[in-house]
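Student: Please take me slowly through one part of this model, and show me how it fits in with the rest of the chain.

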Amino acid sequence: MNKHMLSLAGLDLLASAVLVLDPEGRIIYANPAAENLLESSSKILLNQTLSELFLQNEELDALFQGALQQAFADKRQELTLERLSREPLQVHAVVTALDQPETPVLIELRENLQQLKLDREERLLDQSQANKELIRNLAHEIKNPLGGIRGAAQLLELELPERHLKELREYTQVIIKEADRLQTLVDRLLAPHRRPHIVGDVNIHEVCERVRSLITSEFPNGLKIRRDYDLSIPEFRGDKEQLIQAVLNIAHNAAQVLTERMKAGDAELILRTRIARQITLAKVRYRLALDLHIIDNGPGIPPDIRDRIFYPLVSGRDGGSGLGLTLAQTFVQQHMGVIECESRPGYTDFRILIPLP
């Protein structure tokens, strides 16, 4: 490594994304913050051009050309960078002309929404804690009288006169069945608090493969599950069964909303794993984190519930219990992680971030 590349390595610790380009506009260096912001590893980013990385990037390309021609020392501008199949990036860009023939241009990108994102994560965490406490207390309050109601209905059924048993038993059975349904719902609400956290070594790709197998067996026709794994991700300490359940809940929801796409034969579910670097989760900075994406090409989450999808009993699907995402969030939070969601028609991406050793 020459002296110049060694000096670039010093940019690794910066919190803002840094790209260094050669005279042809190819990326020859990307720091970890750039990998995180652009959701791609440096191996993928290197040798890409700005036009390959961003769509309709005339403003950024004009800044690059100006720096290349030494028209300015540096220039700052607010930009919206369009990307294929991903949300646009709202960034503050600083383009600097370097006195280096091999690396004449440095681009620094700072996401304007980062602080808003951190504030939203903190608010969601507080709301989640309040929800869990409310659910636990409410479930216990429902559980006790529920057993009494069911027992009373059974005793009443035994006391029914023989001549009216057939017609009246229908009513007692309604009470018993509805009590059983509510009991199942209460048990699901209490499940995360009852089940012990069993910690062991977790290979996230074993988790993904188990989920893929379960989804494939339930939806064998019309659904393509694509795997995009980074096999360098290390094992970490966690509860494998909880993580399987969390990923399965998200993937199963995705598969259920892909019914129309399945009929057309173009339903797709993507399981993607990456390593995120220098990332903040719940106000704690981590050097490395698992970055797991569950992406579908379904209709997207309805706008009216998009901000409430992790609340208990909120469902965007007829017949849904509204507990799948709540439980997934609980299990991920028990691993010191977070779940984020980005959705629009034709593209929904649930992102699970969990600290790595």
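**A close look at the strands and their neighbours**

Tutor: A search of the whole predicted structure finds zero disulfides, where a disulfide is counted as a pair of cysteine sulfur atoms within 2.5 Å. Cys208 is buried, with a relative accessible area of 0%, while Cys341 is partly exposed at 24%. Here buried means under 20% relative accessible area, exposed means over 50%, and partly exposed lies in between, using a 1.4 Å probe and protein chains only.

Because this is a predicted model, local features need pLDDT of at least 70 and side-chain atom pairs count only at pLDDT 80 or more, while totals for chains, interfaces and linings use all residues. Residues are numbered from 1 along each chain as its sequence is written, and side-chain values use heavy atoms, with hydrogens and water left out.

The chain has 11 helices and 12 strands, which are DSSP runs numbered from the N terminus (H or I over at least four residues for a helix, E over at least two for a strand). Of its 357 residues, 45% are buried.

The part to study closely is strand S9, residues 267–281, in which 12 of the 15 residues are buried, so the strand is largely enclosed by the rest of the structure. Strand S9 has a parallel partner in strand S7 (residues 223–228), joined to it over six bridges; two strands are said to pair if DSSP finds at least two bridges between them. Within that pairing, Asp228 stands opposite Arg272. Lys224 also belongs to strand S7, and its C-alpha atom is separated by 6.2 Å from that of Ala267, although the two residues are 43 apart along the chain. Leaving aside residues up to four places away in sequence, Lys224 touches Ala267, Glu268 and Leu269, where contact means heavy atoms within 4.5 Å. In the chain as a whole, 62% of the contacts between residues at least 6 apart in sequence join residues at least 24 apart.

Strand S9 is also joined by 12 bridges to strand S10 (residues 284–296), and this pair runs antiparallel. In this pairing, Arg274 of S9 stands opposite Asp291 of S10. The hairpin of S9 and S10 has two residues between the strands, and Ala282 takes a positive phi near 50 degrees. As a general point, the side chains of a regular strand alternate between the two faces of the sheet.

For a comparison, look next at a sheet formed by other strands. Five strands make an open sheet in the order S2-S1-S5-S4-S3, with antiparallel pairing. Strand S2 (27–30) and strand S3 stand at its edges with a single partner strand each, so one side of each is left without a neighbour in the sheet. Neighbouring strands of this sheet are turned by 30 degrees against each other on average, direction ignored. Angles here run from 0 to 180 degrees between N-to-C directions, and axes are lines fitted to C-alpha atoms, for helices over the stretch in contact.

At one end of that order, strand S1 (residues 17–21) pairs with S2 over three antiparallel bridges, and the bridge partner of Val20 is Tyr29 in S2. Helix H5 (residues 58–68) packs on the sheet and touches S1, S3, S4 and S5, with its direction making about 145 degrees with that of S3. Strand S4 (residues 86–97) is joined to strand S5 (residues 105–111) by seven antiparallel bridges, with His92 partnered by Arg110 in S5. Strand S3 (residues 74–83) and S4 pair in the antiparallel sense over nine bridges, and Arg83 has Arg86 of S4 as its bridge partner. The hairpin of S3 and S4 has two residues between the strands, and Ser85 in the turn has a positive phi of about 60 degrees.

Finally, turn to a pair of helices. The axes of helix H9 (residues 240–257) and helix H11 (residues 324–333) come within 8 Å and cross at roughly 150 degrees. Residues of H9 that meet H11 include Gln242, Gln245 and Ala246, and among those they meet in H11 are Gly324, Leu325 and Phe331. Helix H11 is mostly covered, since 10 of its 10 residues are buried.
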